[in-house]
Amino acid sequence: MMGRTHQACYSGGMKFPWLLIFPVMAAHAADVRLVDAKAVVSAEWKGRETRTVASFDVVPLSADALTRFGGLATEKQKATGFFRVEKIGERWWMIDPEGGRFIFAGVCSLKPESKLAAKEPFEKLFGTPEAWATKTLDLLREHGFNGCGGFSDHETIRQAAKPMPYTVTLGLMSGFGRKLGLTHADSGHTGYADDVLPVFEPGFAEFCAVECRTRLLAMKEDPWLVGVFSDNELPIKKDMLDRMLKRGGATQAAAEAFMTGKGAVTDERRRDFVEHVFDAYFRITTQAIREALPHHLCLGSRFHGPAKHASGAWKAAGRWCDAISMNYYDHWNPQKEHLRQWHEWSGKPCLVTEFYVKGMDSGMGNTSGAGWLVKTQAGRGAFYQNFALGLLESKTCVGWHWFKYMDNDPTNTKTDASNRDSNKGILNAGYEPYTPLLDAMRELNTRIYPLIEHFDSAKP
């Protein structure tokens with residue numbers, strides 16, 4: 001816990017006196033050019049070239065240059081009263097409800113929690129969940145963020161006096177699989193029996209329709225809702241066809257029907273079947289979401305690792321989703337080839353819905369999770385800037401969500417194995433901020449639109 005390893009003091013001039021500051025960690029992240037990093041605790045440190053905003057001659061935008069939703073107030077596009085996506089020239093954008101061009105810089109898992117690691121009880125820090133929402137959204141705005149990512153407490157957030165763009169994570173397939181007794185807890189996501197999606201089992205479409213009507217209709221006219229994630233990290237196995245041909249019931253019957261007249265199972269058939277499965281999944285879930293929310297964005301099922309090379313899943317998502325979400329790990333920089341392929345396969349923009357890096361100065365073990373390790377919070381800030389710069393440069397990415405709001409609580413034994421004892425948050429488990437990380441985030445976030453202008457005006 002941070003309080004055991006760093007002296008903390010209150011800053012009287014703070015806009016957020018409910019948070020604690022660590023002056024010993026106040027390095028300026030933008031000065032970092034070579035960052036020591038490694039993939040796991042047992043590995044050796046290796047210096048990695050890291051771009052920061054200090055490399056670019058751009059100044060931050062003032063708040064009055066933005067719409068109330070966080071998009072650009074100049075050169076507005078058609079305003080529909082809701083978020084949408086549009087390709088303007090060679091660049092994809094979100095367009096906010098007032099017509100402002102918008103890049104979604106958000107944070108995941110924004111929710112009030114009573115943490116055992118906190119020095120003060122939740123009630124003393126915030127009073128009520130509503131007060132927590134006000135203070136937390138103010139903190140995000142102060143650091144240039146303009147929205148709330150997946151797994152956030154959207155019900156509390158959407159009732160805030162000064163709201164912020166938010167998303168909803170449904171879990172349609174995971175809920176249906178749980179109803180059928182076909183799911184189990186896996187590292188970071190829901191696991192399915194034999195890693196097979198029960199998309200062809202009777203009742204899936206009806207289940208989705210009921211869930212969406214029940215959970216989404218109240219938000220039908222809410223302009224602050226950006227869009228909906230249908231699920232999180234669904235399994236994508238290359239041998240999905242082989243697995244379904246052995247499952248029995250409606251799943252096996254659907255796989256056999258797909259193979260009718262096609263001869264033997266080959267790698268080409270396997271690839272085609274992945275696309276067939278995800279086309280059915282996205283068709284059913286998107287139709288259910290659109291019935292409840294005809295004006296909001298369908299943001300996909302938050303793809304993860306195996307999806308990086310699964311062309312069929314992207315092609316299917318591109319037919320039904322407005323933007324396609326990807327939890328993007330394993331790489332220090334966004335890979336240009338990945339971003340190019342995803343757009344080529346889908347024809348749609350992507351939204352990076354998870355990424356993070358862990359700091360060894362946090363006092364945590366950092367033995368879980370997929371993110372890189374660095375030595376300091378300043379290194380975490382440099383990683384954030386470097387990764388976001390690569391996404392902005394791509395022209396196909398309409399935003400990113402940092403995972404996550406608060407560090408794992410090592411005392412919480414109920415969470416899954418990927419979320420224990422790791423420094424992932426912008427705050428630690430006691431609601432205390434990582435100031436160098438947040439400073440670096442603000443440096444980048446407040447320059448998003450000037451950086452885009454720089455990249456778009458650069459000669460090839």
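Which residue in strand 4 is the bridge partner of Arg84? The partner is Ile95. The model is a predicted one, in which local features need pLDDT of at least 70 and side-chain atom pairs count only at pLDDT 80 or more, while totals for chains, interfaces and linings use all residues. Residues are numbered from 1 along each chain as its sequence is written, and side-chain values use heavy atoms, with hydrogens and water left out.

Arg84 and Ile95 belong to the pairing of strand 3 with strand 4. Helices (H or I, at least four residues) and strands (E, at least two) are DSSP runs, numbered from the N terminus. Two strands pair if DSSP finds at least two bridges between them. Strand 3 and strand 4 are joined by five bridges in the antiparallel sense. Strand 4 (residues 91–95) also pairs with strand 5, again antiparallel, over two bridges. Here Ile95 has Arg101 of strand 5 as its bridge partner. The result is an open sheet of three strands in the order 3-4-5. Strand 3 (84–88) and strand 5 (101–102) are its edge strands, each pairing on one side only. Strands of a sheet pair through backbone hydrogen bonds, either parallel or antiparallel.

Two hairpins link these strands. The hairpin of strand 3 and strand 4 has two residues between the strands, and Gly89 takes a positive phi near 65°. Five residues lie between strand 4 and strand 5, where Gly99 in the turn has a positive phi of about 95°.

Five of the five residues of strand 4 are buried (under 20% relative accessible area, with exposed over 50% and partly exposed in between; 1.4 Å probe, protein chains only). Strand 4 is therefore largely enclosed by the rest of the structure. Arg91, Trp93 and Ile95 are buried on one side, and Trp92 and Met94 on the other. In a regular strand the side chains alternate between the two faces of the sheet.

Strand 3 and strand 4 also help to cover the buried residues of helix 11. The cover includes helix 10 (311–320), strand 13 (324–327), strand 14 (350–354) and helix 12 (377–394) as well. In helix 11 (residues 336–346), the buried residues are His338, Leu339, Gln341, Trp342, His343, Trp345 and Ser346. Gly347, just after this helix, takes a positive phi of about 75°.

Helix 12 also covers buried residues of helix 13, as do strand 6 (104–107), strand 17 (397–402) and helix 14 (448–457), among others. Nine of the eleven residues of helix 13 (residues 435–445) are buried, so this helix is largely enclosed by the rest of the structure.

The largest nonpolar core has 131 residues. Such a core is a set of buried Ala, Val, Leu, Ile, Met, Phe, Trp, Tyr and Cys residues joined through side-chain atoms within 4.5 Å. Phe278, Phe303 and Trp400 have the most contacts inside this core. Helix 9 (residues 267–292) gives the most to the core, with eleven residues. Contact means heavy atoms within 4.5 Å. Leaving out residues up to four places away in sequence, Phe303 touches Phe278, Phe282 and Trp314, among others.

Helix 9 also packs with helix 6 (residues 204–216). Their axes (lines fitted to C-alpha atoms over the stretch in contact, with angles from 0 to 180 degrees between N-to-C directions) come within 8 Å and cross at roughly 30°. The two helices are therefore roughly parallel (under 35 degrees; over 145 is roughly antiparallel, 65 to 115 roughly perpendicular and the rest oblique).
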